[in-house]
Each structure stands twice: as structure tokens, then as C-alpha cells.
Amino acid sequence: MVRKPKSAQQTVVTREVTINLHKRIHGVGFKRRAPRAIKEIKKFAEKQMGTNDVRIDTRLNKHVWSCGIRNVPFRVRVRLSRKRNEDEDSSNKLYTLVTYVPVETFKGSQTKNVDE
């Protein structure tokens, strides 16, 4: 009997990535920039990790809003963690937690898998 391997979407994994917010909120009006940036981070995490349930850490939210609603940072370095959902009655088995990673410069930073 051949065993079916586990899907990569079902494993718990953590990645550190840089999100270019500047290109994602280009052309958005001033009063919608920071809220749109948060939505774009969620959309990016959902696509990267393959989970519908995406949770944004408060420090990341504060960093995006740090310069006000209009002046969103051009880039942000985040850690995407796909985790098991402890809530039994939830429809999703996994969720993604997006946390802020402070960096000095974005030069040469690439996506990397992080061991927790």
C-alpha cells in the first residue's frame, strides 16, 4: 500500500519575508493607505501560506501606522508562521500569524525559513 505524503500546506512552518508595501498601495488615496496596507499584508500572507485565517500582530499594526494614515513605510520585514488552530470548533485547521521583524536595512535580505 502506497502512503500519500502530507501536503506542504498542512505542515507547520515559519518564514521571514520582506513585503514591498509601496507597490501594493500605489495609487491609493491618502485616507485609505494604512488600512489598505494592512489588507495587502493579509492578502500576501494568505497567498504565501495557503491559509484563510490570517492574524496580524499588534506590533506590526503599530509599525504600519507609525507615520500616520498617509505615510506608510515602503517595505516591511515580517515573519509568517503557519500554526495549528487550538480552537476545536473552528473551520480552519491552521492559521497564519504575521509578526514584525525590525531590520536596519533591506539590502540583500531574502526569504528564509526560520526554525522555532
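Biologist: In this predicted model, Ile56 stands opposite Val98 in β4. What makes β2 and β4 a pair of strands?

Modeller: Strands are DSSP runs of E with at least two residues, helices are runs of H or I with at least four, and both are numbered from the N terminus. Two strands pair if DSSP finds at least two bridges between them. β2 and β4 are joined by 3 bridges, so they pass that test. They run parallel.

Biologist: Before we go on, what should I know about the model itself?

Modeller: It's a predicted model, where local features need pLDDT of at least 70 and side-chain atom pairs count only at pLDDT 80 or more, while totals for chains, interfaces and linings use all residues. Residues are numbered from 1 along each chain as its sequence is written, and side-chain values use heavy atoms, with hydrogens and water left out.

Biologist: Okay, back to the strands. What order do they take in the sheet?

Modeller: The open sheet has 5 strands, in the order β2-β4-β3-β1-β5, and its pairing is mixed. β3 and β4 run antiparallel over 7 bridges, with Ser81 partnered by Leu97 in β4. β1 and β3 are antiparallel too, over 8 bridges, and there Thr18 has Arg77 in β3 as its bridge partner.

Biologist: And why are β2 and β5 called edge strands?

Modeller: Each of them, β2 (54-56) and β5 (112-113), pairs on one side only. For β5, 2 bridges tie it to β1, antiparallel. One of the partnerships is Glu16 with Lys112 in β5.

Biologist: How do you know that strand β4 is largely enclosed by the rest of the structure?

Modeller: Buried means under 20% relative accessible area (over 50% is exposed, in between is partly exposed; the probe is 1.4 Å and only protein chains count). In β4, residues 94-100, 5 of the 7 residues are buried, so the strand is largely enclosed.

Biologist: Why does Arg82 count as buried?

Modeller: Arg82 has 3% relative accessibility, so it counts as buried. This arginine sits in strand β3.

Biologist: What makes the link between Arg82 and Met49 a polar contact?

Modeller: A polar contact is a pair of N or O atoms within 3.5 Å; within protein, one must be able to donate a hydrogen and the other to accept it, and sequence neighbours count only if both atoms are side-chain atoms. The Arg82 side chain comes to 3.1 Å from the backbone oxygen of Met49, so the distance fits. Thr51 gives another case: its side chain meets the side chain of Thr96 at 2.5 Å. Thr51 lies in the loop between α2 and β2 and is buried at 4% relative accessibility.

Biologist: Which residues does Thr51 touch?

Modeller: Contact means heavy atoms within 4.5 Å. Skipping residues up to four places away in sequence, Thr51 touches Glu46, Arg82, Leu94, Tyr95 and Thr96.

Biologist: What makes Arg55 a charge over the ring of Tyr95?

Modeller: The rule wants NZ of Lys or CZ of Arg within 6 Å of the ring centre and within 35 degrees of the ring normal. The charged end of Arg55 sits over the Tyr95 ring, 3.8 Å from its centre. Arg70 does likewise over the face of Phe30, at 4.2 Å from the ring centre.

Biologist: Why is a set of residues called a nonpolar core?

Modeller: It gets that name because its members are buried Ala, Val, Leu, Ile, Met, Phe, Trp, Tyr and Cys residues joined through side-chain atoms within 4.5 Å. The largest one here has 21 residues, and Ile19, Val78, Leu80 and Val98 touch the most other members. β1 (13-20), α2 (33-49), α3 (58-64) and β3 (75-84) each give two or more residues, and α2 gives the most, with 7.

Biologist: How do you know that Ile41 is buried?

Modeller: Its relative accessibility is 0%, so Ile41 counts as buried. Ile41 belongs to helix α2. Beyond four places in sequence, Ile41 touches Ile19, Leu21, Ile56, Leu60, Val64 and Val98.

Biologist: And Leu21: what makes that one buried?

Modeller: Leu21 has a relative accessible area of 0%, so it is buried too. Leu21 is in helix α1 (residues 21-24), and its contacts further than four places along include Ala37, Ile41 and Phe74.
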